[in-house]
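Here's a quick briefing on a protein model, written for the bench. Have a look at the structure first, then read on.

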Amino acid sequence: MIGGQMDRYIAVTILKSAAVVIACLLTLVTLFTLLDEFRDITPGYTKSQALRYVLLSTPRQLYDLMPYGVFIGALVGLGVLASHSELTVLRGAGASILRLFGAASIPVVLLVALNQVLGEFIAPAGETAAGSLKLTVQGGEGDGRIASSHWYRDGALITNVGGFAENGDLLAVRQYEFADGRMTRSRHADRATYAEDAGQWLLRDVAETRFDDQGSANYRYSELPWRVQAKPEVLSAKALFDPGKLSFADLRFQIDYMVREGLDPTRYQVALWGKALQPLAVLALVLVALAFVTGPLRESGLGARLGVGIAVGLAFKYLVDVFGPMSVVFAIPAWLAMSVPVAVCWVAGIVLVRRVAS
C-alpha cells in the first residue's frame, strides 16, 4: 500500500472529511449571518434583500472558512485512520511521519489552490455586489446609487467623491488643487465617467473657481478631462470595503497608488501578505494535525479531535488578528507581521512531530 495507492487513500479520506467539515461550518456561519441581517431590517432594507446579501457574500465566507475547515477536516480524516490503526500499520510498513505529511498535503494543496481561485475571482465579485447592495439600500438614494464619501489624492489635487453610480460613475465630485500651500482651483462636477478609449476620467457639468492674487474667477464646462493616474479599480466602491475583502489585483492597485502618493498602505499590505501566506499557514496546520493524531490524540474520539481542532484554529486566528494591527501601530513590516503566526505554526508542528517520532 506504500506509494501511490497510499497517497490516494489518505487524500480521499481527508477530502471527504474536509468537505463535510467545510459544509457544516459554512452552513452555521451562513445561518448566523442571515439571522444577524434579519435583525438589521430597516424600511429600506427588506428580508429579501438581506437574503440576497447573504447569498452574495457566501463565497467570501467560504474563502475565510476554508483554511480552518481544511485543518479540522485533516485532523478528523487522519484521526479516523488512526482510530482504525491504519496509520500505525502504515508506519509499521515503513512510512515515516514526513511521508505521511506528504500524502496528506496532496488534497490540502488542491483545496488551497481552489480557495486561491475563489478568493481572487469569485469572492471579490460577490463581496463587491453584496457590499454595493447594502450601501445602496441603507445609505444610498434608493435608485442604485451609493452615497458614501471617499477622499482621493493625486499630487497637488485632492478629490472628494460623494457617491458611486451602479455603472461605476463617480457622483458629486469635488476637487481642490493647491500650490505653495494655497488653493489655486476648486471644482464641483455632478458626475465623472471613465472613458476607456481615452484612458482617462471625464468630469461632467463642471463648475470651476480659480484663485489668484487678483481674486477669483468662475467657469462652467459641460465636460472636462480629469488627467489622473487612478484607474476604475482604485476609484470605485471597492475603496469603501475592508482590505481583507479585496482580490490580489485590487490590493496591488491600492498599494501602488498609496505608495505613489506617500500614504500609508500598511492595512492593504497586511491583507496582501495574509492572502499570500495562506497556503503555507494551512500546510503548517495540517502538520500540527498529523502530529496530534499520531501522538496525544491517537486514541481520542471525534469530539476530542474537533475540540482540539477548534482550539488550535482559534489560536491561529487570534495570532493573525493580533499581529495584523501590530504592523499598523508599531510600523512592523507587513510581511514580517503576517509571517510570525505562520512561523509559530510551523515551529509547533515540527516540535510536535519530532516528539512523536522520537
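Let's start with one residue: setting aside neighbours within four places in sequence, Ile10 touches Leu78, Leu81, Leu90, Leu100, Ala103 and Ala104. Keep in mind that this is a predicted model. Ile10 and Leu100 are also the residues with the most contacts inside the largest nonpolar core, which has 50 residues.

**Nonpolar cores**
- Six helices each put at least two residues into this 50-residue core: α1 (4-38), α2 (47-83), α3 (86-92), α4 (97-139), α7 (278-293) and α9 (334-357).
- The largest share comes from α7, with 13 residues.
- Apart from this core there's another one, made of 29 residues, including Phe164, Ala192, Val228 and Ala237.
- As a general point, nonpolar side chains in soluble globular proteins tend to be buried together.

**Overall build**
- You'll find nine helices and six strands in the protein.
- The C-alpha trace spans about 90 × 45 × 35 Å along its principal axes.
- The radius of gyration is 26 Å, whereas a compact globule of 358 residues would come in near 21 Å.
- Of the contacts between residues at least 6 apart in sequence, 59% link residues at least 24 apart.

**Surface and charge**
- Buried residues account for 46% of the 358 in the protein.
- The accessible surface is about 17700 Å², and carbon and sulfur atoms make up 62% of that.
- There are 32 positive and 31 negative charges, and their mean positions sit 8 Å apart.

Conventions. Residues are numbered from 1 along each chain as its sequence is written. This is a predicted model: local features need pLDDT of at least 70, side-chain atom pairs count only at pLDDT 80 or more; totals for chains, interfaces and linings use all residues. Side-chain values use heavy atoms; hydrogens and water are left out. Helices (H or I, at least four residues) and strands (E, at least two) are DSSP runs, numbered from the N terminus. The radius of gyration is taken over C-alpha atoms; the globule rule is 2.2 Å times the number of residues to the power 0.38. Buried means under 20% relative accessible area, exposed over 50%, partly exposed in between (1.4 Å probe, protein chains only). Contact means heavy atoms within 4.5 Å. Accessible areas come from the Shrake-Rupley method with a 1.4 Å probe; for residues, only the protein chains shown count as cover. Lys and Arg count as positive and Asp and Glu as negative; His and the chain ends are not counted. The place of a charge is taken as NZ of Lys, CZ of Arg, CG of Asp or CD of Glu. A nonpolar core is a set of buried Ala, Val, Leu, Ile, Met, Phe, Trp, Tyr and Cys residues joined through side-chain atoms within 4.5 Å.
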